[in-house]
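Q: Can we go through this one piece by piece, beginning with how a helix is packed?

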Amino acid sequence: MKALRWHGVKDLRVENIAEPAAGKGKVKIKVECCGICGSDLHEYTAGPIFISDSTPHPLTGEKAPIVMGHEFSGQIVEVGEGVTKFQKGDRVVVEPIFACGECEACKQGLYNLCDKMGFLGLAGGGGGFSEYVAADEPMVHKIPDSVSYEQGALVEPSAVALYAVRQSKLQVGDRAAVFGTGPIGLLVIEALKAAGASEIYAIELSEQRKQKAAELGAIVLDPSQVDVVKELRERTGGGVDVAYEVTGVPAVLNNAIDAAKLGGEVMIVSIFEREATIKPNAIVTKERTMKGIIGYRNVFPAVIKLMEQGYFPAEKLVTKRIQLDEVVDHGFEALLKEKNQVKIMVKPQ
């Protein structure tokens, strides 16, 4: 089958590899749609970050080259021995987390914080930028017929957004600011709407992303036009209840801290490629809190239910659709060069 594999920084190759089999406890999925994630882009430009390039990953036993892609949907074409929840023909998405089940985090049910945690499509185990994937039964979730395959490929990034809002201290009626409205930032806006935020501010430079944020109902502020921190404080009477940092840019993190009200909270949703310097007194003297999240846990079913209600709409978020053979030039490179792109979907076959 065809698959996109990471060999190194700026070295992605569409290659022919063996199809996976539905081994014991696994299902084989024909991939219908896979989104390019910001994490994938980070690996392309600055990796390895989550990818193991010299030492095999402790849970998958794999190292580069590995098949990429972890935001995908598809149809089950083969069911392995011992699988009871699924049958051939089921429409599904995969929660692409590997966890050991033995460390302290796993014992507490915090599987996304596993000492050896890895992501399918980054740590090995196959990936959505291929024609077929074999996945463990417990990490597979059915999607209803009302949720398209393209919509299904948004379940994984939407789970990051919903988890970020759930892990914050946002209450119904609170005000929030989302710094950066790339795909995850836009999905955070949707999650905030579902959570009952009264005002959602979106801080963004890109014209198309500003338009997308406005379409989703956010109040848009352009940092090239206004002093964002000053503007937020004036509009909210002191700052937002929760500020979500979704850019991975150090200077923006400091703006997010300053934009939170007295006793407010800053949620770091980004993966940073480099160190970020902060001023601790900006947290200490205002009794703010700062928290980070990685991935998600136990939210896929809720995301799918919200999608049935119209949240996280693919038609407003997907800006380009391509084939697997085009994924490097018209996918990864397009996201680097075309700032109007939001979510690019790849159809493997």
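A: For what covers a helix, contact means heavy atoms within 4.5 Å. This is a predicted model, where local features need pLDDT of at least 70, side-chain atom pairs count only at pLDDT 80 or more, and totals for chains, interfaces and linings use all residues. Residues are numbered from 1 along each chain as its sequence is written, and side-chain values use heavy atoms, with hydrogens and water left out.

Q: OK, which residues of α1 are buried?
A: In α1, which spans residues 38-46, the buried ones (under 20% relative accessible area with a 1.4 Å probe, protein chains only) are S39, D40, L41, E43 and Y44. Helices (H or I, at least four residues) and strands (E, at least two) are DSSP runs, numbered from the N terminus.

Q: And what covers them?
A: The cover over the buried residues of α1 includes the strands β1 (2-8), β2 (11-16) and β3 (26-35), together with the helix α12 (327-337).

Q: Switching topic, what is the strand order in the open sheet of 3 strands?
A: The order is β2-β1-β4, and the pairing (at least two DSSP bridges between two strands) is antiparallel.

Q: Why is one side of β2 and of β4 left without a neighbour there?
A: Because β2 and β4 (66-67) stand at the edges of the sheet, each has a single partner strand and therefore one side with no neighbour in the sheet.

Q: How many bridges join β1 and β4?
A: These strands pair in the antiparallel sense over 2 bridges.

Q: Which residue of β4 stands opposite W6?
A: That is I66, so placed in β4 that W6 stands opposite.

Key:
Buried < 20%, exposed > 50% of the residue type's maximum accessible area, 1.4 Å probe, protein only.
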